[in-house]
Structures are given as C-alpha cells and as structure tokens.
Amino acid sequence: MSGNSQTKSTEKWQKKAGYKVKSFKLKESLVNEFEKACLNAGVSQASQISKMMKEFISKNQ
C-alpha cells in the first residue's frame with residue numbers, strides 16, 4: 001500500500017472512530033517540561049491531555 005493510500009485509510013478510520021487532529025502553539029519550554037513529566041509518570045502525552053481536558057470540562061459545564 002502506498003503512503004498516500006495508507007494516509008487516506010488512517011484518516012477514514014480516525015473520522016469513523018471520532019478522532020480529530022488539533023494543533024496548538026505553545027511555549028517550547030512548557031512543551032519540553034510536559035514531555036519530561038509524561039515520561040516520568042509513564043503516560044502518553046495524548047492520554048494526559050485528554051484526561052486534563054475531561055477534568056476541565058466537568059468542572060466548567
């Protein structure tokens with residue numbers, strides 16, 4: 001399968017599964033500290049961001 005076909009398949013699966021890509025501009029120092037903290041905690045950055053977003057939503061609805 002070519003890279004383009006794989007990309008299209010991945011995008012199709014992500015849409016079907018309800019995933020959306022978001023992009024943020026953040027200070028490099030904050031990003032680096034967050035990456036290190038996630039490594040130290042043994043969690044993925046995506047899972048930690050999702051957890052923090054859910055907590056923020058539940059506190060602010």
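In the predicted model, Ile 49 has a relative accessible area of 38% and is therefore classed as partly exposed, a value that lies between the limits of 20% for buried and 50% for exposed residues. Ile 49 belongs to helix H3, which spans residues 45-59, and contributes, together with Met 52, Met 53, Phe 56 and Ile 57, to a nonpolar surface patch of about 490 Å².

Ile 49 also takes part in the lining of the largest pocket, where Phe 24, Ala 46, Ile 49, Ser 50 and Met 53 are the residues nearest the centre among the 15 that line it. The volume of this pocket is about 590 Å³. Helices H2 and H3 each provide at least two of the lining residues, and the largest share, amounting to six residues, is supplied by H3. Met 53, like Ile 49, is named both among the residues of the nonpolar patch and among those nearest the pocket centre.

With regard to aromatic contacts, a search of the whole structure returns one aromatic pair. This pair is formed by Trp 13 and Tyr 19, whose rings are stacked, with 5.6 Å from centre to centre and 20° between the planes. Tyr 19 has a relative accessible area of 56% and is therefore counted as exposed.

Gly 18 is located in the loop that connects helix H1 (3-17) and helix H2 (28-41), and its relative accessibility of 63% likewise places Gly 18 in the exposed class. The C-alpha atom of Gly 18 is separated by 15 Å from that of Lys 8, the two residues being ten positions apart along the chain.

Key
Residues are numbered from 1 along each chain as its sequence is written. This is a predicted model: local features need pLDDT of at least 70, side-chain atom pairs count only at pLDDT 80 or more; totals for chains, interfaces and linings use all residues. Side-chain values use heavy atoms; hydrogens and water are left out. Patches are made of residues with over 30% relative accessible area and no salt bridge: like charges are joined within 9 Å, nonpolar side chains (Val, Leu, Ile, Met, Phe, Trp, Tyr) within 5 Å. Accessible areas come from the Shrake-Rupley method with a 1.4 Å probe; for residues, only the protein chains shown count as cover. A salt bridge is a side-chain nitrogen of Lys or Arg within 4 Å of a carboxyl oxygen of Asp or Glu. Helices (H or I, at least four residues) and strands (E, at least two) are DSSP runs, numbered from the N terminus. Buried means under 20% relative accessible area, exposed over 50%, partly exposed in between (1.4 Å probe, protein chains only). Rings of Phe, Tyr and Trp (its six-membered ring) pair if their centres lie within 6.5 Å; planes under 30 degrees apart count as stacked, over 60 as edge-to-face and the rest as tilted. On a 1 Å grid over the protein atoms alone, a cavity is a set of points where a 1.4 Å probe fits but cannot get out, and a pocket is an open set with protein on both sides within 12 Å along at least five of seven lines; lining residues have an atom within 4 Å of a point. Grid points are joined across faces, edges and corners, and a volume is the space filled by probe spheres set on the points.
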